[in-house]
Amino acid sequence: MEASAIRAIFFDMDGVLYDSMPNHEYTWINSLKEFGIDFQPEEAYMNEGRTGYSTIRIAFQKYLNRQPTKEEEEAAYQLKTALMNKRPAATIFPHMQELIHQLKNCGIKIFVVTGSRQPALVSKLNTDFAIDAACIISGADVEQGKPHPEPYLKAWERSGYNKNECIVVENAPMGIASAKAAGLYTIAVNTGKLNDQVLLEAGADELYADSKQLSEALKKIGHEKR
């Protein structure tokens, strides 16, 4: 990756900008428990980036050896949403607001690519990071979620740049697979419970241990753009 050539960075949201994965872990385990599924903590991280309905179908197939009915699928999704609404608000990872602010000031375009469909997503990202709706690709914008390349291809198309001028920041194997399938250089930050090797095997080109290391690395891109 030639830092001086970078003109756009596509950030995943959960586990990259916000420390929200513990909430997803809790709500997946407890919503699927109602259907007799013993969903394991690591699976929340392995499946992060998929649409909620896709994760439900995978869990039913794995643990119950069948697909959920439409009613079960909707009930599980609504239960997870209700549980999430009762959880404490996720905090922003250290250094990330400062990083995004600096990158934008250096002329780098910032996008957020997430599988989330939360209605308040746009206003939250705008308030916390000054990211406009046009620079957010959510689960509502795609036919196929991660690990399909569509989410990151959408971001790339909206950016208007060449692929070698764009990079992705992800924390989950599904997101890394999506970005690599889209032909984009991908940086992983391991903020969850997975072994580093899982993220590297998914195709990450670089790996950082936390938001501090990530911020230090990406700030160098901003410095080279000045």
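Tutor: Quick ground rule: Ala, Val, Leu, Ile, Met, Phe, Trp, Tyr, Cys and Pro count as nonpolar, Asp, Glu, Lys and Arg as charged, and the others, Gly among them, as polar. This is a predicted model, with local features needing pLDDT of at least 70 and side-chain atom pairs 80 or more, while totals for chains, interfaces and linings use all residues. Numbering starts from 1 along each chain as its sequence is written, and side-chain values use heavy atoms, without hydrogens or water.

Student: OK, how much space lies in the largest pocket?

Tutor: A pocket is an open set of points on a 1 Å grid over the protein atoms alone, with protein on both sides within 12 Å along at least five of seven lines. Volume is the space filled by probe spheres (1.4 Å) on those points, which comes to about 830 Å³ for the largest pocket.

Student: And which helix gives the most to its lining?

Tutor: Lining residues have an atom within 4 Å of a point, and helices are DSSP runs of H or I, at least four residues. H1 (21-33), H2 (41-46), H3 (52-64) and H4 (70-85) each supply at least two. With five residues, the top contributor is H4.

Student: How many residues of each class are in that lining?

Tutor: The lining has 40 residues, with His 24, Lys 80, Met 84, Ser 116 and Gln 118 closest to the pocket centre. Sorted by class, they come out as 14 nonpolar, 15 polar and eleven charged.

Student: Switching to the sheet, which strands stand at the edges?

Tutor: Strands are DSSP E runs of at least two residues, and two pair if DSSP finds at least two bridges between them. Six parallel-paired strands form an open sheet, ordered S3-S2-S1-S4-S5-S6. A single partner each leaves one side without a neighbour, so the edge strands are S3 (136-137) and S6 (206-208).
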